[in-house]
Amino acid sequence: MLPASAKVPHKPPRKPSTSMGRGTRKRDEDSGTEVGEGTDEWTQSRAAVRPPDQLELTDAELKEEFTRILTANNPHAPQNIVRYSFKEGTYKLIGFVNQLAVHFSQVGNLIPKDSDEGRRQHYRDELAAVSYQGSQESAKVVISETENLEEDEEPKELEAEAGSQTDVPAAGAAETVTEELITPVQPKERMLTNKFNFSERASQTFNHRLRWEIYDAYVEELEKQEKTKEKEKTKTPVAKKTGKMAMRKLMSMESQSDDITKVSQAAKIVERMVNQNTYDDIAQDFKYYEDTADEFRDQEGTLLPLWKFQNDKAKHLAVTALCWNPKYRDLFAVGHGSYDFMKQSRGMLLLYSMKNPSFPEYIFSSDSGIMCLDMHVDHPYLVVVGHYDGNVAIYNLKKPHSQPTFRSSAKSGKHTEPVWQVKWQKDDMDQNLNFFSVSSDGRIVSWTIVKSELVHTDVIKLKVEGSTMEVSEGLQLHTMGCGTAFDFHKEIDYMFLVGTEEGKIYKCSKSYSSQFLDTYDAHNMAVDAVSWNPFHTKVFMSCSSDWTVKIWDHTIKTPMFIYDLNSAVGDVAWAPYSSTVFAAVTTDGKAHVFDLAINKYEAICNQPVVAKKKNKITHVQFNPIHPIIIVGDDRGHVTCLKLSPNLRKMPKEKKGQEVQKGPAVEIAKLDKLLNLVREVKTKT
């Protein structure tokens with residue numbers, strides 16, 4: 001380091017123009033002389049030296065041209081790749097071959113400037129540069145201040161030496177101040193507030209554009225409120241009064257609805273208590289009464305009438321469907337419509353409880369008649385219905401309003417004829433709700449609820465065998481069968497039965513849409529119902545308008561039992577407690593109960609259950625746990641009947657032996673009867 005008093009002499013700057021000109025001239029002259037000296041060597045002739053293995057070619061061969069074309073093709077790429085063509089059914093040579101050959105590849109770490117990460121890095125670099133420049137400027141300012149302080153302190157030190165020694169600590173303090181100033185000031189880190197305090201998230205951002213948007217929105221809202229106030233001032237006093245009255249009405253309606261919802265549960269309980277007192281004798285019969293006269297009737301039984309369910313809104317509508325709720329055993333659904341195609345109007349879906357026979361628990365109305373319904377096993381609040389106009393709809397009992405939650409339309413593939421039966425099935429692979437429907441248009445459709453809409457898939461189309469007509473140009477016309485009823489197997493998931501208006505029953509599979517597994521020439525008229533036995537996996541039952549009920553083994557094409565009931569049979573149902581008991585209802589107003597284990601040839605109960613002769617019974621259903629059945633007629637009435645002891649006989653207890661119960665016993669009981677019939681058929 002040089003002392004402060006020493007001064008370095010400054011050299012005068014050179015003149016570049018004169019020196020550069022002289023230097024370039026000298027170099028040109030020197031280079032010129034060098035080139036002149038080597039010209040003799042370049043002009044001398046040079047002899048070509050041939051390699052010893054070079055071919056000797058003639059002039060014609062030397063003048064011959066050989067063309068070479070550079071292409072981007074990969075010489076190692078295969079040229080004879082063969083693929084199988086499913087369209088033509090043969091193996092075909094592939095014309096296009098991939099010629100790309102990768103010689104080198106490396107994963108880079110470059111980020112585009114326009115990407116989010118690029119913008120973040122650029123923003124960080126700018127912040128770092130700004131903070132660095134700020135620290136440098138602060139350091140420069142501190143150094144300049146210290147220099148000024150040193151220059152000011154020199155005369156002060158001289159004065160201090162001449163003066164008293166009391167000023168020495170003041171000089172020491174000044175030195176400590178200069179030392180503190182010389183140290184660079186570190187920029188303070190920006191402290192953010194609590195990141196989990198979401199009320200301050202907007203203030204944590206560097207760009208406060210969001211605040212101004214919120215502010216503008218509030219200003220606009222205030223302006224709108226002021227404008228509405230001005231308009232209200234200009235209104236007439238009559239308009240103000242009407243507005244106040246409307247507001248009061250709305251407030252009163254809301255308060256009333258709130259009060260009603262609070263009271264509804266209590267009112268329902270009170271209503272049930274009143275009904276229980278009103279129908280106390282019927283409730284006692286339902287719970288405790290057993291007909292002791294059955295001991296003297298020689299294995300015949302009776303049906304004891306209990307409650308009668310009816311509603312004024314469904315007065316002129318027939319009962320078209322009955323179904324017990326799978327979870328709440330006292331609740332059942334009733335579908336109302338009309339089987340007379342000349343008198344089609346509206347439809348009703350009513351849900352009754354045996355605890356309140358005077359009024360339904362739920363009421364739903366529809367523009368078209370309801371012809372069938374079914375309740376979901378896992379979701380008992382979902383009810384699917386089929387309409388006379390070909391639509392299907394799903395009602396949700398948790399949302400008790402009149403409109404269905406889901407409904408088909410012409411765009412979503414609705415049926416073109418009445419829907420005669422619907423059945424819930426297991427959820428599909430994606431856990432979507434699924435049900436099937438059958439209609440007179442010959443289509444069996446699978447419906448799936450996907451993302452709050454119904455999606456349909458045609459499973460099978462019923463074609464009448466032997467009705468194919470050939471038209472010109474090789475075209476074929478098929479006569480479509482009219483489906484009337486179907487039922488799915490209890491164990492074999494893919495198998496189901498379909499009954500038709502032609503009297504045939506088809507055994508079908510969900511997997512095969514082009515053909516039937518089997519065909520049964522079942523009846524001479526339309527099949528009204530088909531039902532698998534709940535215990536025996538091979539047995540099913542059918543009924544028809546040709547007055548007959550038939551019991552089948554699906555492995556044999558001829559019926560095992562045939563019963564003629566002297567009137568058109570509307571519906572049949574298996575009993576849930578026995579494999580050999582079933583009930584049938586006919587249009588002459590009678591209910592028939594059979595027990596094959598007691599009597600294989602005729603019913604053990606034939607009883608009229610409706611008052612008038614013209615009143616036709618349409619449907620019957622057994623309760624899953626209680627010994628009762630419900631029957632519906634074409635006047636819209638549903639009657640509950642209790643089975644007498646003879647109609648629900650269980651195996652008697654023997655001394656020293658336990659009574660065997662369960663599905664295996666029921667299967668063996670029915671198998672014993674079927675084996676007797678099979679032996680007779682084989683002998684004949």
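The legends below describe close-up views of a predicted model.

**View 1. A patch of negative charge on the surface that includes Glu220 of helix α7.** Six acidic residues, Asp216, Glu220, Glu221, Glu223, Glu226 and Glu230, gather here on the surface as a patch of negative charge. Glu220 belongs to helix α7, which covers residues 209-234. With a relative accessible area of 48%, Glu220 is classed as partly exposed, because that class lies between the 20% limit for buried residues and the 50% limit for exposed ones.

**View 2. The tilted aromatic pair of Phe286 and Trp307.** The whole structure contains 25 aromatic pairs according to the search, and in the one formed by Phe286 and Trp307 the ring centres are 5.4 Å apart while the planes meet at 55°, an arrangement described as tilted. Phe286 comes from helix α9 (residues 280-288) and Trp307 from strand β3 (residues 303-309), so the pair ties together parts that are 21 residues apart in sequence. Both Phe286 and Trp307 are buried.

**View 3. The edge-to-face pair of Phe486 and Phe488.** The ring centres of Phe486 and Phe488 lie 5.3 Å apart with the planes at 65°, and the pair therefore counts as edge-to-face, since an angle over 60 degrees is required for that class. Phe486 is buried at 0% relative accessibility, and Phe488, with a relative accessible area of 5%, is buried as well.

**View 4. An aromatic cluster that includes Trp574.** Phe561, Tyr563, Trp574, Phe582 and Phe594 together make up one aromatic cluster.

**View 5. A nonpolar patch on the surface, with residues from β1 and β2.** The side chains shown are those of Val82, Tyr84, Phe86, Tyr91 and Leu93, which form a nonpolar surface patch and together have about 640 Å² of accessible area. At least two residues of this patch are supplied by each of the strands β1 and β2 (90-93). Phe86, also a member of the patch, is located in the loop between β1 and β2. The relative accessible area of Phe86 is 75%, and Phe86 is thus exposed.

**View 6. Pro75 in the loop between α3 and β1, shown with Gln99.** Pro75 sits in the loop that runs between α3 (59-63) and β1 (82-85), where a relative accessibility of 72% makes this residue count as exposed. Although Pro75 and Gln99 are 24 residues apart in sequence, their C-alpha atoms are 8.3 Å apart in space.

Conventions:
Residues numbered from 1 in each chain as written. Predicted model: local features only at pLDDT ≥ 70, side-chain atom pairs only at ≥ 80, totals over all residues. Heavy atoms only, no water. Patch = residues over 30% accessible without salt bridge, like charges linked within 9 Å, V, L, I, M, F, W, Y side chains within 5 Å. Areas by Shrake-Rupley, 256 points an atom, 1.4 Å probe, with all protein chains shown as cover. Salt bridge = Lys/Arg side-chain N within 4 Å of Asp/Glu carboxyl O. Lys, Arg positive; Asp, Glu negative; His and termini not counted. Charge placed at Lys NZ, Arg CZ, Asp CG, Glu CD. Helix = DSSP H or I, 4+ residues; strand = E, 2+ residues; numbered from the N terminus. Buried < 20%, exposed > 50% of the residue type's maximum accessible area, 1.4 Å probe, protein only. Phe/Tyr/Trp six-rings, centres within 6.5 Å; stacked < 30°, edge-to-face > 60°.
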